[in-house]
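Work through the exercises below with the model open. Try each task before reading its solution.

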Amino acid sequence: MNILAFDTCLGAVSAAVRRRGAQGDQVAAHAREIRERGHAERLMPMIAEVMATAGLGFADLDRIAVTVGPGTFTGVRVGVSAARGLALASGAEVVTASSLAVMARQAADELGTRFGDRTLAVAVDARRGSIYLQLFADLDQPAGPAQLLDAADAARQLASRPLLIVGSGAGLLADGLAGVGIRAEVRFADLEPDARALARLAVDLAPVVSVEPLYLRAPDVKPQRDRVLERAPE
């Protein structure tokens, strides 16, 4: 199966191609850059680069895989829009994953898939004392959906279970747990989603009919509905 995967949800841009070969499917091309802005400008050139390296045209794709959030509004929108446009142009089916599920896959690759009796908690700093959180007792089946939670509230809810925490919000969650007398192991505080992991996950994901963003927080900037702009005199 030929798969193009990409991510722009958080503080990186990445793209990868997994393709059929004589030795079976494998990741044939991969590119990744850490960046806080400029996702839209970099994504399509990066996709062109990995497709060329893999020796594939867009008509050769069977699947397009994209992370749909949680993440920044701009980053999520860039990835979702690109997936919609490329699917329309190529005819490839689309599969999606949360950015947190991709990070869980990366952590498992680094640590091994066995976490003992611990639950893997992927926590991303969502600012204002909040975290994006998703739990994984088994990588094939998340223990719950991605959520936006106050870090202190999340710690109180999770205090009864042993945890291994990864991601930029791991310190916030661990501090909250310490406040209720619980110690948890923290790893990979600089973890960002990577399309290489998404390309591997994409083989087993179910295609979606419509690619929709996973926004867990309302936008900070909203239109001022109580104000009407005065028209210039004619």
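The exercises cover salt bridges and one aspartate.

This is a predicted model, where local features need pLDDT of at least 70, side-chain atom pairs count only at pLDDT 80 or more, and totals for chains, interfaces and linings use all residues. Residues are numbered from 1 along each chain as its sequence is written, and side-chain values use heavy atoms, leaving out hydrogens and water.

**Exercise 1.** Find the salt bridge between E212 and R84 and state which parts of the chain it ties together.

Step 1. Apply the criterion: a side-chain nitrogen of Lys or Arg within 4 Å of a carboxyl oxygen of Asp or Glu. The closest N and O atoms of E212 and R84 are 3.4 Å apart.

Step 2. Place the partners. E212 lies in the segment after α6 and R84 in helix α2 (residues 73–90), so the pair ties together parts 128 residues apart in sequence. Helices are DSSP runs of H or I, at least four residues, and strands are runs of E, at least two, numbered from the N terminus.

**Exercise 2.** Which residues form a network with E33 and R42?

Step 1. Start with the pair: E33 and R42 form a salt bridge at 2.7 Å, N to O.

Step 2. Extend it. R35 and E49 join them in the network.

Step 3. Check burial (buried under 20% relative accessible area, exposed over 50%, partly exposed in between; 1.4 Å probe, protein chains only). R42 is buried at 15%; E33 is partly exposed at 25%.

**Exercise 3.** Is D194 buried or exposed?

Step 1. Read its relative accessible area: 12%, so D194 is buried.

Step 2. Locate it. D194 sits in the loop between β10 (185–187) and α6 (195–201).
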